[in-house]
Amino acid sequence: MAAPLSDGERRKQISVRGIAGLGDVAEVRKSFNRHLHFTLVKDRNVATPRDYYFALAHTVRDHLVGRWIRTQQHYYEKDPKRIYYLSLEFYMGRTLQNTMVNLGLQNACDEAIYQLGLDLEELEEIEEDAGLGNGGLGRLAACFLDSMATLGLAAYGYGIRYEFGIFNQKIVDGWQVEEADDWLRYGNPWEKARPEYMLPVHFYGRVDHTPEGVKWIDTQVVLAMPYDTPVPGYKNNTVNTMRLWSAKAPNDFNLQEFNVGDYIEAVLDRNLAENISRVLYPNDNFFEGKELRLKQEYFVVAATLQDIIRRFKSSKFGCRDPVRTCFETFPDKVAIQLNDTHPALSIPELMRILVDVEKVDWDKAWEITKRTCAYTNHTVLPEALERWPVSMFEKLLPRHLEIIYALNQMHLDRVAALYPGDIDRLRRMSVIEEGDCKRINMAHLCVIGSHAVNGVARIHSDIVKNSVFKDFYELEPEKFQNKTNGITPRRWLLLCNPGLADVIAEKIGEDFITDLSQLKKLLDFINNETFIRDVAKVKQENKLKFAAYLEEQYKVKINPSSMFDVQVKRIHEYKRQLLNCLHAITLYNRIRRDPSKSFVPRTIMIGGKAAPGYHMAKMIIKLITSIGEVINNDPYVGDRLKVIFLENYRVSLAEKVIPAADLSQQISTAGTEASGTGNMKFMVNGALTIGTMDGANVEMAEEAGEENLFIFGMRVEDVEALDRQGYNAREYYERLPELRQAVDQISSGFFSPRDPGCFRDVVNMLMHHDRFKVFADYEAYIKCQGQVDQLFMVRAACYRGGGMRSSATVVQWEDMGEAECAPVESLQTPHGLGMGSGRRRFCCFGSPATQHLNQPSVLCKAASWDRAR
């Protein structure tokens, strides 16, 4: 077996001789006009803006195709180990700008489009988001694909081509209303259908044990049609593939069950098969045991494994003849990463193929399966863990149920031998959960069927080892590891904040885009006033641009000099948007109580979608919009406080709001957020973090120094102690006057005068059923927000003084963007200058506690988040 390549060797360019060069404006213009004419059959007299977008997309795609083909040829020639990332979600967002950035085409396209009398930004806004994910899990998958391509890894993403992605959120009278996301309405110029690789997927039927082996017969077949999307690496000529499967009914689907007279009904019945890939389940951190969801999970797994085995057996590009017939080397050539439990059926399916189809010995097949699969756990919330009814498996996937029972028996026999007489341990570790309804614990299946199990932040991985999978960790500690989540700096800095990237590149070159340790070179500029001012200017420009966007969208006048205080993520009780609401109400009451007092102006922005069936999350959205309605229209408040709910939060909106943010809210109850990647996106764009010691915040604080984040509230051990003691919300309500006033206002209908009882359920939950202990952290949170205000006032006073320097020890904050700083002698000395997407690199700037302000400036350690693990 060839020695593994180093990262540097992987990044070496794949030869693209004969492919048109990049950056030729005349060539781009010519190609644009050719596609408008020949592909879209339009001329400039009748073309619409959408036609212009498609013409540009096809033009950019032309530069991908040769590189895409040659990348795949290269993989077949070199036969490297291939990584298969299986995920039910890929939250890709828009593709045009990302592709231009990664190919280095943006300047040429911008100039060519300008010469044609068009506006590139306007064309980019026409593209639909590929919203094939709910939130962090799906966006992580998308970032991984970009990073693996940039590293030159032979990697493939596999998922479902949902006809309807995550719903479009409309706010009507303050309530969330869901609309279907028909993202394919106008077609998708980035995908290529591959009907020649269409594969059968079987459901239902029965199992027949014959002398020749086990056979799964009398099944219902659905076809899986692959659609390929190119995933370009950053300026390295590597273009990997994301393959998404779409369900198609075979021509004979159910026709045998009908007479000639029922032909119409028979054809209509095809929809039942094609529903499998119709819609993404809009649930985040909540398990819904629907049969259609189980079908989706098996559909993607069955099609993908057939594809993986076909590629393993073939050795030449385009060859379909099997060359490898022995599976001994399968784990040396194939790595399957299970993104949460959704693709867990890969384990019994690979066993089925190896044992039933390829006739591999059972024990050998089990060894191959375990060496091939690895599992990423994304949550510790019990309601999110998948537990499927055995009865559903028995009907839908009877052979897989047999395999799971056999695997579980092997597993329990081993446990019983190691822990004789420990019946309770056997019960806890079984894949099959007994009870009124027998269930299959998919997380347990993933753990026993994988060679590696990882959490997605160090604190989360510790909880996984010490709590969620404690028994499994004691059995096989070597399996468990940590891989803290990350983000791609191409999209989350270069694409969404080009001004900041340019300022940094001007000083240290462009190597930091793929090697974030290069940012250490910025230490040479910590006393460079010009550099600091340039970074400050970028932040202010981003704020002005987003303020104009908000005014246009929400008809609310925004003060661009106010603190942009942002919390954007899925709406969920554990993420504690309610704590943010209580702070907004507290600020409002303080302004009303003493309107003549000087207050730090704030624009509080909260955005995110609630699962359609999640009543409390929908009530939280209604509360946010109701609070905003009162505060934004109160003349006593003016522009000192605004509360905006960002409608239909998605990737393309994140790219606008994140570069403009001053303060990033990461305030989940300690021990509940697995990692978070929004925290990293804000930091790479120069926002300070206010947060609990939860998820990746812990490592961020460790790297930058806890004094460089606004950390507040309970730690994990405090939460556990409070659970043992018993959490009593009323105790805090009675003791804290401002909290009591805020809760009473919500309860009395102050924010819902037309329906005074509107928020009765919210108050009842907070007072009696709050698993996430909002009140317990309220006092510390309000105090910490006061420290934020103090630093912001110092920054504002410094700017009003007309210069960067000050004899006082102060913190340069809001307008510093990446160069948020805590000076030693003067304000020209940045503190913690850097960009936060390195593996252990965090932009934690400024000190929330004045006793730390005289500490010497430091640069956070840099490595690379931007690494596919």
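**Exercise 1. Identify which residues have the most contacts inside the largest nonpolar core, and which helix gives the most to this core.**

Solution. The largest nonpolar core contains 234 residues, and F203, F299, F393, F546 and F775 have the most contacts inside it. Such a core is a set of buried Ala, Val, Leu, Ile, Met, Phe, Trp, Tyr and Cys residues joined through side-chain atoms within 4.5 Å; buried means under 20% relative accessible area, exposed over 50%, and partly exposed in between, with a 1.4 Å probe and protein chains only. Helix α10 gives the most to this core, with eleven residues. Another core, of 28 residues, lies apart from it and includes A57, V60, L96 and L103. In soluble globular proteins, nonpolar side chains tend to be buried together.

The model is predicted: local features need pLDDT of at least 70, side-chain atom pairs count only at pLDDT 80 or more, and totals for chains, interfaces and linings use all residues. Residues are numbered from 1 along each chain as its sequence is written, and side-chain values use heavy atoms, with hydrogens and water left out.

Next, take F393 from the list. Leaving aside residues up to four places away in sequence, F393 touches L294, L345, W388, P398, H400, L401, I404, I440 and M442, where contact means heavy atoms within 4.5 Å.

**Exercise 2. Determine how α10 and α12 cross, and which residues meet.**

Solution. Helices (H or I, at least four residues) and strands (E, at least two) are DSSP runs, numbered from the N terminus. The axes of α10 (residues 291-313) and α12 (residues 346-357) come within 10 Å and cross at roughly 45°. Axes are lines fitted to C-alpha atoms, for helices over the stretch in contact, with angles from 0 to 180 degrees between N-to-C directions. The angle makes α10 oblique to α12; under 35 degrees counts as roughly parallel, over 145 as roughly antiparallel, 65 to 115 as roughly perpendicular and the rest as oblique.

Y298, V301, A302, L305 and I309 in α10 meet S346, E349, L350, R352 and I353 in α12. By class, this contact has seven nonpolar, one polar and two charged residues. Ala, Val, Leu, Ile, Met, Phe, Trp, Tyr, Cys and Pro count as nonpolar, Asp, Glu, Lys and Arg as charged, and the others, Gly among them, as polar.

**Exercise 3. Repeat the analysis for α23 and α30.**

Solution. The axes of α23 (residues 577-593) and α30 (residues 737-748) come within 9 Å and cross at roughly 100°. This makes α23 roughly perpendicular to α30. The contact has six nonpolar, four polar and three charged residues. Among the residues of α23 that take part are L582, I585 and R593.

**Exercise 4. Explain why α4 is largely enclosed by the rest of the structure.**

Solution. Eight of the eight residues of α4 (residues 96-103) are buried, so α4 is largely enclosed by the rest of the structure. What covers them includes α3 (49-78), α5 (106-115), α6 (120-126), α7 (136-150), β11 (220-232) and α20 (489-495). G104 follows α4 and has a positive phi, near 75°.

**Exercise 5. Locate D173 and state whether D173 is buried or exposed.**

Solution. D173 lies in the loop between β5 (168-172) and β6 (175-179). With a relative accessible area of 52%, D173 is exposed. Although not a glycine, D173 has a positive phi of about 55°. Most residues other than glycine have a negative phi.
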